[in-house]
Amino acid sequence: MTSSTVPAPHKRVLLAAPRGYCAGVDRAVIAVEKALEHYGAPVYVRKEIVHNRYVVETLAARGAVFVTETDEVPQGARVVFSAHGVSPAVHAAAAARSLQTIDATCPLVTKVHKEAVRFAADDLDILLIGHTGHEEVEGTQGEAPEHIQVVGTPDEADTVTVRDPDRVVWISQTTLSVDETMETVRRLRERFPNLQDPPSDDICYATQNRQVAVKKLAPECDVVITVGSANSSNSVRLVEVALDAGARSSYRVDTAAQLDPAWFDGATTVGVTSGASVPEILVRDVLEALAGLGFADVEEVRTATEDLMFSLPRELRADLKKAGTPVDRPRRDARRELTIQPV
């Protein structure tokens, strides 16, 4: 009597691309690094420069001091505003304390701020689709608080009141779920048929690209892992997008240490992605941990190639030029080559 051996199932990782750092995050992180190199520590940063715990802790170890509000910054000191943007009131508070400011607001967030100012000047009611309390939403709403209402969910669209249903426009936080945002817009338009659109999509290219990549790989995955911090809106959205797109389960981790081996019992395909404020080193750690669980075969699922870069904040650029320091363009988060097979 012969016995037969059942072959072990093939285990693989589908690695989303694009993932990780976007151009706005790249610019903001490098701005703090350059400021520390040029001015020396401490350099104060209002709020988290980007929503990633590892990045914040790494910069803090180099001399960045993170504060909640400008009144915590010593009179006349230098402060960097985060990538999420700030309201005019914050700029005024900094000026009142004679602070030397470096504005690292993502240019795509600045675009939304300018839209809000323009629509308010036209005396429109502005419906800002976003999460109340998020730093980006607070900054945008602060541009025209008397004209802007925040709409947090599709259900909230049913209770919004405006002065004139024919003079309403919507704008949005840049890091939302594309699908949920458009559902909110659809429901707003049911109530306000003449609802105006912003001149261009407010949800940033990186947010959309990462969601599209996850949508492509999720249907094949038993588990999808998103690397990103809990306060990162776009990372949290990726967890939801994976489930909506067909993944059997979906989890978010800050680091590989938070992976639970029980999540992968019986799994053969694991998807991996990361939010737009996540350095690649954290993704590599997750891949190494998964390899230790038998998921050593990594296939990249690419849906777009990103080459957008933003110049450093003008205040920092000017000081670097005065000192004769080369003003290098921000570089994309450095990545060691992965041995992967594109699919």
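A residue is called buried when its relative accessible area is under 20%, exposed when it is over 50%, and partly exposed in between. By this rule D123, at 38% relative accessibility, counts as partly exposed. The structure described here is a predicted model, and the report treats its backbone, its salt bridges and its cavities in turn.

## Backbone features

Most residues other than glycine have a negative phi, and most peptide bonds are trans. Several places in this chain depart from that pattern.

D123 has a phi near 60 degrees, a positive value in a residue that is not glycine. This residue is found in the loop between α4 and β6, the latter covering residues 125-129. S98 also has a positive phi, near 55 degrees, and it too is a residue other than glycine. The loop that holds S98 runs between α3 (88-96) and β5 (100-103). With a relative accessibility of 48%, S98 counts as partly exposed, because the value lies between the limits of 20% and 50%.

Two cis peptide bonds may be described as well. One joins A17 and P18, with omega at about 10 degrees. P18 is placed in the loop between β1 (12-17) and α1. Another cis peptide bond connects A41 to P42, and here omega is about 0 degrees. P42 belongs to the loop between α1 and β2 (43-46).

## Salt bridges

Side chains of opposite charge can pair when their charged atoms come close. How many salt bridges does a search of the whole structure find? The search finds 23. The table presents three of these pairs.

| Salt bridge | Closest N to O distance | Accessibility of the Lys or Arg | Accessibility of the Glu |
|---|---|---|---|
| K47 and E69 | 3.7 Å | K47: 17%, buried | E69: 31%, partly exposed |
| R186 and E183 | 2.7 Å | R186: 40%, partly exposed | E183: 27%, partly exposed |
| R210 and E306 | 2.8 Å | R210: 1%, buried | E306: 16%, buried |

K47 and E69 form a salt bridge whose closest N and O atoms are 3.7 Å apart. This pair links distant parts of the chain, for K47 lies in the loop between β2 and α2 (53-61), while E69 lies in the loop between β3 (64-67) and β4 (78-81), 22 residues apart. K47 is buried, since its relative accessible area is 17%, whereas E69, at 31%, is partly exposed.

The side chains of R210 and E306 meet at 2.8 Å, N to O. They too connect distant parts of the chain: R210 is in helix α7, and E306 is in the loop between β12 (297-302) and α10 (314-322), 96 residues apart. R210 counts as buried because its relative accessibility is 1%. E306 is likewise buried, at 16%.

Which element holds both R186 and E183? Both residues are in helix α6, and because they are 3 residues apart there, about one helical turn separates them. Their closest N and O atoms are 2.7 Å apart. R186 is partly exposed, with a relative accessible area of 40%, and E183 is partly exposed at 27%.

Salt bridges also join into a network, which links R19, E280, E300 and R302.

## Cavities

A search of the whole structure finds 2 cavities of 30 Å³ or more. The largest has a volume of about 250 Å³. Its lining is made up of 22 residues, and those nearest the centre of the cavity are C22, V25, H84, T175 and N234. The elements that give two or more residues to this lining are α1 (23-39), α4 (107-121), α7 (205-217) and α8 (233-244). By class, the lining of the largest cavity contains 10 nonpolar, 11 polar and 1 charged residues.

The second largest cavity holds about 50 Å³ of space. Which helix gives the most to the lining of the second largest cavity? Helix α6, residues 178-191, does so with 3 residues. The residues lining this cavity are I129, G130, H131, G152, L176, S177, E180, T181 and T184. They divide into 2 nonpolar, 6 polar and 1 charged.

Helix α6 therefore appears twice in this account: R186 and E183 are both in it, and it contributes 3 residues to the lining of the second largest cavity.

Notes: Residues numbered from 1 in each chain as written. Predicted model: local features only at pLDDT ≥ 70, side-chain atom pairs only at ≥ 80, totals over all residues. Heavy atoms only, no water. 1 Å grid on protein atoms, 1.4 Å probe; cavity = no way out; pocket = protein on both sides within 12 Å on 5 of 7 lines; lining within 4 Å. Points joined across faces, edges and corners; volume = space filled by probe spheres on them. Helix = DSSP H or I, 4+ residues; strand = E, 2+ residues; numbered from the N terminus. Nonpolar A, V, L, I, M, F, W, Y, C, P; charged D, E, K, R; others polar. Buried < 20%, exposed > 50% of the residue type's maximum accessible area, 1.4 Å probe, protein only. Salt bridge = Lys/Arg side-chain N within 4 Å of Asp/Glu carboxyl O.
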